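Here's a quick briefing to read with the model open. Keep the sequence handy as you go through the points.

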Amino acid sequence: RVPSEERNRSTKEIVRQLQVTLPSEMPKPLEPLTWEEVRELAAKEVEFGAHTRTHPILSSVEDEAMLHDEIVGSKRRIEEELGKPVVHFCYPNGRAQDIGTRALEFTRNAGFRTATTTSPGMNLVSKADPFLLRRLAVGPETTDHYFAELLAGLRSR
């Protein structure tokens, strides 16, 4: 919930005070997919959307150029790697207070067709804003029966 610039400064200060060195590489269990892995999955019809470059709380990004780069830059980077349009976006943290009106407007104007929040619930076609889509939460513990109820619209959370 801390603005990105403050979060970055604080992290550097904590590292300095503790006199430690952050690892130069991500620990193996936490590594993201490589671009080669992303391209392999995309070739198998897995669709990738954008999620910003550095995962800031968008409502706290004051600099317009930085906000643009986070949203549009992340879209362009994936498009460059995959050679096809990126039409979906997911807001970091995804709560209304984390998105803000400026980020919502940047997202609407970036060439996306949809954007996802973390607000729980169904998206009614006649009422849903395609740039503020809600989610139905599922996980490994979700039973097939409960999942079917979610998909059928019998449950919304």
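Buried means under 20% relative accessible area, exposed means over 50%, and partly exposed is in between (1.4 Å probe, protein chains only). By that yardstick valine 20 is partly exposed, because its relative accessible area is 42%. Bear in mind that this is a predicted model, where local features need pLDDT of at least 70, side-chain atom pairs count only at pLDDT 80 or more, and totals for chains, interfaces and linings use all residues. Residues are numbered from 1 along each chain as its sequence is written, and side-chain values use heavy atoms, with hydrogens and water left out.

**First helix and what follows**

- Helices (H or I, at least four residues) and strands (E, at least two) are DSSP runs, numbered from the N terminus.
- α1 has 15 residues and should span 21 Å at 1.5 Å a residue, which agrees with its end C-alpha atoms being 21 Å apart; the expected span is 1.5 Å times one less than the number of residues.
- Right after α1 comes glutamine 19, with a positive phi near 55°.
- Valine 20 sits in the loop between α1 (4–18) and α2 (35–43).

**Surface patch**

- Ile14, Leu18 and Val20 make up a nonpolar patch on the surface, together offering about 290 Å² of accessible area.
- Patch residues have over 30% relative accessible area and no salt bridge, with nonpolar side chains (Val, Leu, Ile, Met, Phe, Trp, Tyr) joined within 5 Å and like charges within 9 Å.
- A salt bridge here is a side-chain nitrogen of Lys or Arg within 4 Å of a carboxyl oxygen of Asp or Glu.
- Areas come from the Shrake-Rupley method with a 1.4 Å probe, and for residues only the protein chains shown count as cover.

**Nonpolar core**

- The largest nonpolar core (buried Ala, Val, Leu, Ile, Met, Phe, Trp, Tyr and Cys joined through side-chain atoms within 4.5 Å) has 22 residues, and Leu58, Leu67, Ile71, Phe89, Tyr91 and Phe112 have the most contacts inside it.
- α2, α3 (64–82) and α4 (96–109) each supply at least two residues of this core, and the largest share, 5 residues, comes from α3.
- Beyond its neighbours within four places in sequence, isoleucine 71 is in contact (heavy atoms within 4.5 Å) with residues including Leu58, Phe89, Phe106 and Phe112.

**Two buried loop residues**

- Phenylalanine 131, in the loop between β2 (114–120) and β3 (133–135), counts as buried because its relative accessibility is 10%.
- Leaving aside neighbours within four places in sequence, phenylalanine 131 touches Tyr91, Leu104 and Phe112, among others.
- Serine 60, in the loop between α2 and α3, is buried at 11% relative accessible area.
- With neighbours within four places set aside, serine 60 is in contact with Val2, Pro3, Ser4 and Glu5.
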